[in-house]
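This report sets out the strand order, helix packing and selected contacts of a two-chain model. The sequence and structure are shown first.

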Amino acid sequence: MLCHCGNPAVIETLCREHFLESIERKVKETIDRFNLIMPNDKILVAASGGKDSMTLALILHKLQYTFDILAIDEGIPGYREHTLSELLTFCKQQGFPPPNVVSFKDVLGDSLQELLQSHKPCTVCGTFRRYLLNKYAKGYDKLATGHNLDDEAQTILMNVYKGQPFLLAKLGPITKANAQFTRRIKPLYFCTERETRAYAFLNNLPLAFHECPYTHESYRDAVRSVLNNAEQQSGMKRNIVNAFLVMHERLREERNLRQCERCGEASSGRICKACQLLDVASAEPGTES
Amino acid sequence: MKIFIEKTGETKDIEFSGTVKQLLETLKLAPGDVLVVRENTLLTDDIELVDKDSLKLLSVTSGG
(Lines give C-alpha, C1' and ligand atoms only; values in the text may rest on other atoms or scores of the structure.)
Protein backbone atom coordinates (compact mmCIF):
# COMPACT_ATOMS: atom_id res chain seq x y z
CA MET A 1 0.00 0.00 0.00
CA LEU A 2 1.35 3.41 -0.88
CA CYS A 3 0.76 6.81 0.62
CA HIS A 4 -0.58 9.49 -1.73
CA CYS A 5 2.99 10.79 -1.96
CA GLY A 6 4.20 7.48 -3.36
CA ASN A 7 6.11 6.34 -0.25
CA PRO A 8 5.16 3.08 1.47
CA ALA A 9 2.27 3.50 3.90
CA VAL A 10 2.95 2.55 7.52
CA ILE A 11 -0.52 3.04 8.97
CA GLU A 12 -3.88 3.22 7.20
CA THR A 13 -2.93 4.78 3.85
CA LEU A 14 -0.26 7.19 5.07
CA CYS A 15 3.52 7.14 5.21
CA ARG A 16 5.27 8.08 8.45
CA GLU A 17 5.65 11.74 7.58
CA HIS A 18 2.08 12.27 6.43
CA PHE A 19 0.62 10.29 9.31
CA LEU A 20 2.45 12.39 11.90
CA GLU A 21 1.36 15.55 10.09
CA SER A 22 -2.26 14.37 10.01
CA ILE A 23 -2.34 13.79 13.77
CA GLU A 24 -0.72 17.12 14.57
CA ARG A 25 -3.15 18.84 12.21
CA LYS A 26 -6.11 17.05 13.81
CA VAL A 27 -5.02 18.24 17.27
CA LYS A 28 -4.56 21.82 16.03
CA GLU A 29 -8.01 21.75 14.43
CA THR A 30 -9.54 20.46 17.67
CA ILE A 31 -7.86 23.23 19.66
CA ASP A 32 -9.12 25.85 17.20
CA ARG A 33 -12.64 24.46 16.77
CA PHE A 34 -13.38 24.34 20.50
CA ASN A 35 -11.14 27.27 21.57
CA LEU A 36 -9.25 24.96 23.88
CA ILE A 37 -6.26 27.25 24.28
CA MET A 38 -6.32 31.04 24.19
CA PRO A 39 -3.27 33.29 23.73
CA ASN A 40 -1.21 33.56 26.92
CA ASP A 41 -3.04 30.66 28.58
CA LYS A 42 -0.93 29.07 31.32
CA ILE A 43 -1.19 25.34 30.64
CA LEU A 44 -0.63 22.35 32.90
CA VAL A 45 -0.37 18.93 31.23
CA ALA A 46 -1.48 15.99 33.37
CA ALA A 47 0.88 13.18 32.45
CA SER A 48 0.97 9.56 33.55
CA GLY A 49 3.90 8.35 31.46
CA GLY A 50 1.56 6.55 29.09
CA LYS A 51 1.32 6.89 25.33
CA ASP A 52 -1.49 9.47 25.37
CA SER A 53 0.02 12.01 27.76
CA MET A 54 3.45 11.74 26.14
CA THR A 55 1.86 12.17 22.71
CA LEU A 56 -0.11 15.15 24.01
CA ALA A 57 2.98 16.85 25.44
CA LEU A 58 4.99 16.25 22.28
CA ILE A 59 2.30 17.59 19.96
CA LEU A 60 1.63 20.66 22.12
CA HIS A 61 5.36 21.34 22.04
CA LYS A 62 5.46 20.95 18.24
CA LEU A 63 2.52 23.36 18.01
CA GLN A 64 4.66 25.78 20.04
CA TYR A 65 2.65 25.81 23.22
CA THR A 66 4.51 26.01 26.52
CA PHE A 67 3.35 24.12 29.57
CA ASP A 68 4.25 22.56 32.89
CA ILE A 69 3.77 18.86 33.59
CA LEU A 70 2.07 17.27 36.61
CA ALA A 71 2.09 13.56 37.41
CA ILE A 72 0.13 11.79 40.16
CA ASP A 73 1.74 8.84 41.92
CA GLU A 74 -0.98 6.63 43.42
CA GLY A 75 1.63 4.24 44.79
CA ILE A 76 0.41 1.23 42.78
CA PRO A 77 3.36 -1.15 43.06
CA GLY A 78 4.72 -2.83 39.96
CA TYR A 79 3.00 -0.27 37.76
CA ARG A 80 3.25 3.41 38.55
CA GLU A 81 6.96 3.50 39.30
CA HIS A 82 7.64 2.19 35.77
CA THR A 83 5.41 4.69 33.96
CA LEU A 84 6.82 7.57 36.00
CA SER A 85 10.33 6.45 35.18
CA GLU A 86 9.47 6.51 31.47
CA LEU A 87 7.90 9.94 31.89
CA LEU A 88 11.11 11.27 33.41
CA THR A 89 13.11 9.76 30.53
CA PHE A 90 10.71 11.34 28.04
CA CYS A 91 11.03 14.80 29.63
CA LYS A 92 14.80 14.53 29.62
CA GLN A 93 14.90 13.41 25.97
CA GLN A 94 12.62 16.25 24.87
CA GLY A 95 14.32 18.89 26.99
CA PHE A 96 11.19 19.50 29.09
CA PRO A 97 11.50 20.49 32.72
CA PRO A 98 11.00 17.49 35.00
CA PRO A 99 7.38 16.90 35.99
CA ASN A 100 5.99 17.87 39.35
CA VAL A 101 5.17 14.46 40.86
CA VAL A 102 2.52 14.49 43.59
CA SER A 103 2.12 11.34 45.61
CA PHE A 104 -1.08 10.07 47.26
CA LYS A 105 1.00 9.08 50.25
CA ASP A 106 2.75 12.40 50.71
CA VAL A 107 -0.32 14.55 50.33
CA LEU A 108 -3.14 12.45 51.68
CA GLY A 109 -1.24 10.60 54.36
CA ASP A 110 -2.10 7.23 52.87
CA SER A 111 -1.72 5.28 49.69
CA LEU A 112 -4.19 3.71 47.33
CA GLN A 113 -3.45 0.21 48.64
CA GLU A 114 -4.48 1.15 52.16
CA LEU A 115 -7.63 2.96 51.04
CA LEU A 116 -8.92 -0.08 49.18
CA GLN A 117 -10.28 -1.77 52.25
CA SER A 118 -13.85 -0.85 51.57
CA HIS A 119 -14.10 0.63 48.08
CA LYS A 120 -13.47 -0.40 44.51
CA PRO A 121 -9.92 0.50 43.45
CA CYS A 122 -10.92 2.54 40.42
CA THR A 123 -13.39 4.59 42.49
CA VAL A 124 -10.75 5.44 45.07
CA CYS A 125 -8.04 6.06 42.50
CA GLY A 126 -10.24 8.18 40.26
CA THR A 127 -11.58 10.30 43.13
CA PHE A 128 -8.17 11.18 44.51
CA ARG A 129 -6.54 11.66 41.14
CA ARG A 130 -9.20 14.23 40.25
CA TYR A 131 -8.90 15.82 43.70
CA LEU A 132 -5.15 16.25 43.34
CA LEU A 133 -5.32 17.38 39.71
CA ASN A 134 -7.85 20.07 40.66
CA LYS A 135 -5.78 21.11 43.67
CA TYR A 136 -2.46 21.39 41.82
CA ALA A 137 -3.97 22.95 38.70
CA LYS A 138 -4.93 26.09 40.63
CA GLY A 139 -3.16 29.08 39.14
CA TYR A 140 -3.23 27.62 35.63
CA ASP A 141 -5.72 28.62 32.94
CA LYS A 142 -6.06 25.13 31.45
CA LEU A 143 -5.41 21.57 32.57
CA ALA A 144 -4.73 19.39 29.51
CA THR A 145 -5.30 15.65 29.68
CA GLY A 146 -4.51 12.93 27.17
CA HIS A 147 -8.07 11.61 26.88
CA ASN A 148 -8.68 10.31 23.37
CA LEU A 149 -11.63 9.31 21.21
CA ASP A 150 -11.72 5.79 22.65
CA ASP A 151 -11.77 7.13 26.22
CA GLU A 152 -14.61 9.50 25.47
CA ALA A 153 -16.72 6.90 23.66
CA GLN A 154 -16.21 4.48 26.55
CA THR A 155 -17.20 7.08 29.16
CA ILE A 156 -20.29 8.09 27.20
CA LEU A 157 -21.44 4.47 27.04
CA MET A 158 -20.57 3.81 30.67
CA ASN A 159 -22.80 6.67 31.80
CA VAL A 160 -25.63 5.52 29.56
CA TYR A 161 -25.30 1.89 30.69
CA LYS A 162 -25.38 3.02 34.33
CA GLY A 163 -28.48 5.10 33.74
CA GLN A 164 -26.66 8.36 34.53
CA PRO A 165 -27.13 10.42 31.38
CA PHE A 166 -26.84 13.77 33.17
CA LEU A 167 -23.24 12.97 34.07
CA LEU A 168 -22.59 13.31 30.33
CA ALA A 169 -22.71 17.06 30.89
CA LYS A 170 -19.26 16.84 32.48
CA LEU A 171 -17.70 15.37 29.33
CA GLY A 172 -16.61 17.02 26.10
CA PRO A 173 -13.40 18.53 24.76
CA ILE A 174 -13.48 21.41 27.29
CA THR A 175 -15.20 21.86 30.63
CA LYS A 176 -17.30 24.85 31.55
CA ALA A 177 -15.68 27.85 33.16
CA ASN A 178 -15.95 27.69 36.93
CA ALA A 179 -14.39 29.76 39.69
CA GLN A 180 -13.29 26.68 41.64
CA PHE A 181 -11.99 24.42 38.84
CA THR A 182 -9.28 25.01 36.28
CA ARG A 183 -10.86 24.25 32.91
CA ARG A 184 -9.89 20.87 31.52
CA ILE A 185 -9.14 20.41 27.86
CA LYS A 186 -8.70 17.29 25.75
CA PRO A 187 -6.69 18.19 22.65
CA LEU A 188 -6.49 14.50 21.59
CA TYR A 189 -10.30 14.34 21.59
CA PHE A 190 -10.64 13.06 18.01
CA CYS A 191 -7.52 10.89 17.99
CA THR A 192 -8.06 7.15 18.40
CA GLU A 193 -5.98 5.04 20.76
CA ARG A 194 -4.50 3.31 17.74
CA GLU A 195 -3.38 6.65 16.32
CA THR A 196 -1.75 7.80 19.55
CA ARG A 197 0.01 4.47 19.94
CA ALA A 198 1.33 4.68 16.40
CA TYR A 199 2.34 8.33 16.92
CA ALA A 200 4.28 7.39 20.04
CA PHE A 201 6.01 4.49 18.27
CA LEU A 202 6.95 6.53 15.20
CA ASN A 203 8.49 9.18 17.47
CA ASN A 204 10.46 6.56 19.43
CA LEU A 205 8.88 7.59 22.72
CA PRO A 206 10.26 5.63 25.70
CA LEU A 207 7.25 3.37 26.24
CA ALA A 208 6.83 -0.17 27.40
CA PHE A 209 3.54 -1.89 28.13
CA HIS A 210 2.61 -1.73 31.80
CA GLU A 211 -0.76 -2.83 33.05
CA CYS A 212 -2.43 -1.55 36.18
CA PRO A 213 -3.14 -4.63 38.32
CA TYR A 214 -6.67 -3.34 38.90
CA THR A 215 -7.61 -2.74 35.29
CA HIS A 216 -9.54 -5.96 34.89
CA GLU A 217 -11.76 -5.06 37.86
CA SER A 218 -12.91 -1.93 36.13
CA TYR A 219 -16.26 -1.40 34.48
CA ARG A 220 -14.44 0.53 31.77
CA ASP A 221 -12.53 -2.60 30.76
CA ALA A 222 -15.80 -4.41 30.05
CA VAL A 223 -17.16 -1.48 28.03
CA ARG A 224 -13.88 -1.22 26.12
CA SER A 225 -14.22 -4.86 25.02
CA VAL A 226 -17.79 -4.29 23.84
CA LEU A 227 -16.76 -1.21 21.86
CA ASN A 228 -13.67 -2.76 20.32
CA ASN A 229 -15.62 -5.77 19.16
CA ALA A 230 -18.32 -3.52 17.71
CA GLU A 231 -15.72 -1.30 16.05
CA GLN A 232 -15.24 -4.03 13.46
CA GLN A 233 -17.94 -1.87 11.84
CA SER A 234 -15.49 0.98 11.64
CA GLY A 235 -16.34 4.51 12.66
CA MET A 236 -18.63 3.54 15.53
CA LYS A 237 -16.56 5.26 18.22
CA ARG A 238 -16.40 8.46 16.21
CA ASN A 239 -20.16 8.31 15.59
CA ILE A 240 -20.84 7.90 19.31
CA VAL A 241 -18.74 10.96 20.15
CA ASN A 242 -20.18 13.07 17.33
CA ALA A 243 -23.73 12.19 18.37
CA PHE A 244 -22.87 13.10 21.94
CA LEU A 245 -21.48 16.49 20.85
CA VAL A 246 -24.79 17.32 19.16
CA MET A 247 -26.58 16.68 22.45
CA HIS A 248 -23.88 18.10 24.69
CA GLU A 249 -24.95 21.69 24.96
CA ARG A 250 -28.48 20.61 25.84
CA LEU A 251 -27.14 18.33 28.55
CA ARG A 252 -25.01 20.99 30.20
CA GLU A 253 -26.61 22.56 33.21
CA GLU A 254 -25.48 24.90 35.87
CA ARG A 255 -23.68 22.82 38.46
CA ASN A 256 -23.95 24.46 41.84
CA LEU A 257 -20.48 23.70 43.11
CA ARG A 258 -19.58 24.47 46.69
CA GLN A 259 -16.44 24.24 48.76
CA CYS A 260 -15.86 21.24 50.97
CA GLU A 261 -16.27 22.27 54.60
CA ARG A 262 -13.27 20.19 55.57
CA CYS A 263 -10.57 20.67 52.92
CA GLY A 264 -11.90 23.67 50.98
CA GLU A 265 -11.70 21.98 47.59
CA ALA A 266 -14.56 22.10 45.08
CA SER A 267 -17.43 19.84 46.05
CA SER A 268 -20.97 19.11 44.93
CA GLY A 269 -21.97 18.54 48.55
CA ARG A 270 -21.06 19.70 52.02
CA ILE A 271 -18.13 17.26 52.23
CA CYS A 272 -16.22 16.34 49.06
CA LYS A 273 -15.91 12.75 47.82
CA ALA A 274 -12.21 12.60 48.69
CA CYS A 275 -12.88 13.52 52.33
CA GLN A 276 -15.77 11.04 52.47
CA LEU A 277 -13.44 8.25 51.34
CA LEU A 278 -10.83 9.29 53.87
CA ASP A 279 -13.49 9.14 56.60
CA VAL A 280 -14.23 5.58 55.55
CA ALA A 281 -10.55 4.71 55.73
CA SER A 282 -10.46 6.38 59.16
CA ALA A 283 -7.65 8.67 58.12
CA GLU A 284 -7.44 12.43 58.55
CA PRO A 285 -7.16 14.50 55.33
CA GLY A 286 -3.60 15.59 54.60
CA THR A 287 -2.63 19.04 55.72
CA GLU A 288 -2.30 21.82 53.15
CA SER A 289 1.21 21.85 51.73
CA MET B 1 8.23 -16.95 12.49
CA LYS B 2 8.97 -15.38 15.88
CA ILE B 3 6.29 -13.11 17.26
CA PHE B 4 6.77 -11.07 20.44
CA ILE B 5 3.45 -10.05 21.98
CA GLU B 6 3.98 -6.88 24.01
CA LYS B 7 0.86 -7.17 26.15
CA THR B 8 1.70 -10.57 27.57
CA GLY B 9 5.47 -10.47 27.16
CA GLU B 10 5.44 -13.88 25.50
CA THR B 11 7.19 -14.89 22.30
CA LYS B 12 5.45 -17.33 19.98
CA ASP B 13 7.21 -19.38 17.36
CA ILE B 14 4.86 -20.40 14.56
CA GLU B 15 4.99 -21.42 10.94
CA PHE B 16 3.26 -18.86 8.82
CA SER B 17 3.33 -17.09 5.53
CA GLY B 18 0.64 -14.73 4.31
CA THR B 19 -0.47 -11.17 4.91
CA VAL B 20 -0.50 -9.26 8.17
CA LYS B 21 -4.29 -9.42 8.12
CA GLN B 22 -4.21 -13.20 7.74
CA LEU B 23 -1.67 -13.50 10.57
CA LEU B 24 -3.91 -11.57 12.96
CA GLU B 25 -6.87 -13.75 11.98
CA THR B 26 -4.73 -16.83 12.69
CA LEU B 27 -3.78 -15.42 16.10
CA LYS B 28 -7.42 -14.39 16.72
CA LEU B 29 -6.43 -10.79 17.29
CA ALA B 30 -8.54 -7.83 16.17
CA PRO B 31 -6.59 -5.60 13.75
CA GLY B 32 -7.58 -2.53 15.74
CA ASP B 33 -6.06 -3.90 18.94
CA VAL B 34 -2.45 -4.23 17.82
CA LEU B 35 0.20 -2.59 15.69
CA VAL B 36 2.47 -4.99 13.83
CA VAL B 37 6.16 -4.12 13.67
CA ARG B 38 8.94 -5.73 11.64
CA GLU B 39 12.49 -4.38 11.92
CA ASN B 40 11.25 -1.26 13.67
CA THR B 41 8.76 -0.54 10.86
CA LEU B 42 4.99 -0.49 11.15
CA LEU B 43 3.26 -2.84 8.73
CA THR B 44 -0.11 -2.32 7.10
CA ASP B 45 -2.64 -5.15 6.73
CA ASP B 46 -1.71 -5.97 3.14
CA ILE B 47 2.00 -6.58 3.72
CA GLU B 48 3.19 -10.09 2.85
CA LEU B 49 5.06 -11.92 5.60
CA VAL B 50 7.47 -14.82 5.25
CA ASP B 51 8.24 -17.54 7.74
CA LYS B 52 11.65 -16.16 8.71
CA ASP B 53 10.21 -12.80 9.76
CA SER B 54 10.57 -11.65 13.36
CA LEU B 55 7.64 -9.50 14.46
CA LYS B 56 6.53 -7.45 17.44
CA LEU B 57 2.83 -6.94 18.21
CA LEU B 58 2.33 -3.65 20.09
CA SER B 59 -0.73 -3.28 22.25
CA VAL B 60 -2.91 -0.34 21.24
CA THR B 61 -4.72 -0.25 24.56
CA SER B 62 -2.95 1.33 27.50
CA GLY B 63 -2.60 -0.68 30.64
CA GLY B 64 -4.16 1.96 32.85
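The text below treats the conventions, then chain A, then chain B.

The model is predicted: local features need pLDDT of at least 70, side-chain atom pairs count only at pLDDT 80 or more, and totals for chains, interfaces and linings use all residues. Residues are numbered from 1 along each chain as its sequence is written, chains are lettered from A and ligands numbered from 1 in the order in which they are written, and side-chain values use heavy atoms, with hydrogens and water left out.

Chain A holds 11 helices and 7 strands, where helices (H or I, at least four residues) and strands (E, at least two) are DSSP runs numbered from the N terminus. The C-alpha trace of chain A spans about 65 × 45 × 40 Å along its principal axes. For 289 residues, a compact globule would have a radius of gyration near 19 Å, and the 19 Å of chain A agrees with this; the radius is taken over C-alpha atoms, and the globule rule is 2.2 Å times the number of residues to the power 0.38.

In chain A, an open sheet of 5 strands with parallel pairing follows the order β3-β2-β1-β4-β5; two strands pair if DSSP finds at least two bridges between them. Strands β3 (100-103) and β5 (183-185) of chain A stand at the edges with a single partner strand each, so one side of each has no neighbour in the sheet. From one strand to the next, the twist averages 30°. Strand β4 (residues 142-144) of chain A pairs with β5(A) in the parallel sense over 3 bridges, and Ala144(A) has Ile185(A) in β5(A) as its bridge partner.

Two helices of chain A contact this sheet (contact means heavy atoms within 4.5 Å). Their directions are compared below; axes are lines fitted to C-alpha atoms, for helices over the stretch in contact, and angles run from 0 to 180 degrees between N-to-C directions.

| Helix | Strands met | Angle to β2(A) |
|---|---|---|
| α3(A), residues 80-94 | β2(A), β3(A) | about 165° |
| α6(A), residues 121-136 | β1(A), β2(A), β3(A), β4(A), β5(A) | about 150° |

Helix α2 (residues 51-62) of chain A packs against α3(A) at an angle of about 15°, with the axes 11 Å apart. The two helices are therefore roughly parallel, a label given to angles under 35 degrees. Met54(A), Ala57(A) and Leu58(A) of α2(A) meet Glu86(A), Leu87(A), Phe90(A) and Gln94(A) of α3(A).

Leu207(A) lies in the loop between α8 (193-202) and α9 (219-230) of chain A. Beyond residues up to four places away in sequence, Leu207(A) touches residues including Met54(A), Glu86(A) and Arg197(A). The C-alpha atoms of Leu207(A) and Thr83(A) are separated by 8.0 Å, although these residues are 124 apart along the chain.

Chain B has an open sheet of 5 strands in the order β2-β1-β7-β4-β5, with mixed pairing. Its edge strands are β2 and β5 (41-43) of chain B, each of which pairs on one side only. Helix α8(A) packs on this sheet, touching β4 (34-38), β5 and β7 (54-59) of chain B, and its direction makes about 25° with that of β4(B).

Strands β1 (residues 2-5) and β2 (residues 10-13) of chain B pair in the antiparallel sense over 4 bridges. Phe4(B) stands opposite Thr11(B), and Ile5(B) stands opposite Glu10(B). The two strands form a hairpin with 4 residues between them, and Gly9(B) in the turn has a positive phi of about 75°.

Technical notes: Angles under 35 degrees count as roughly parallel, over 145 as roughly antiparallel, 65 to 115 as roughly perpendicular and the rest as oblique.
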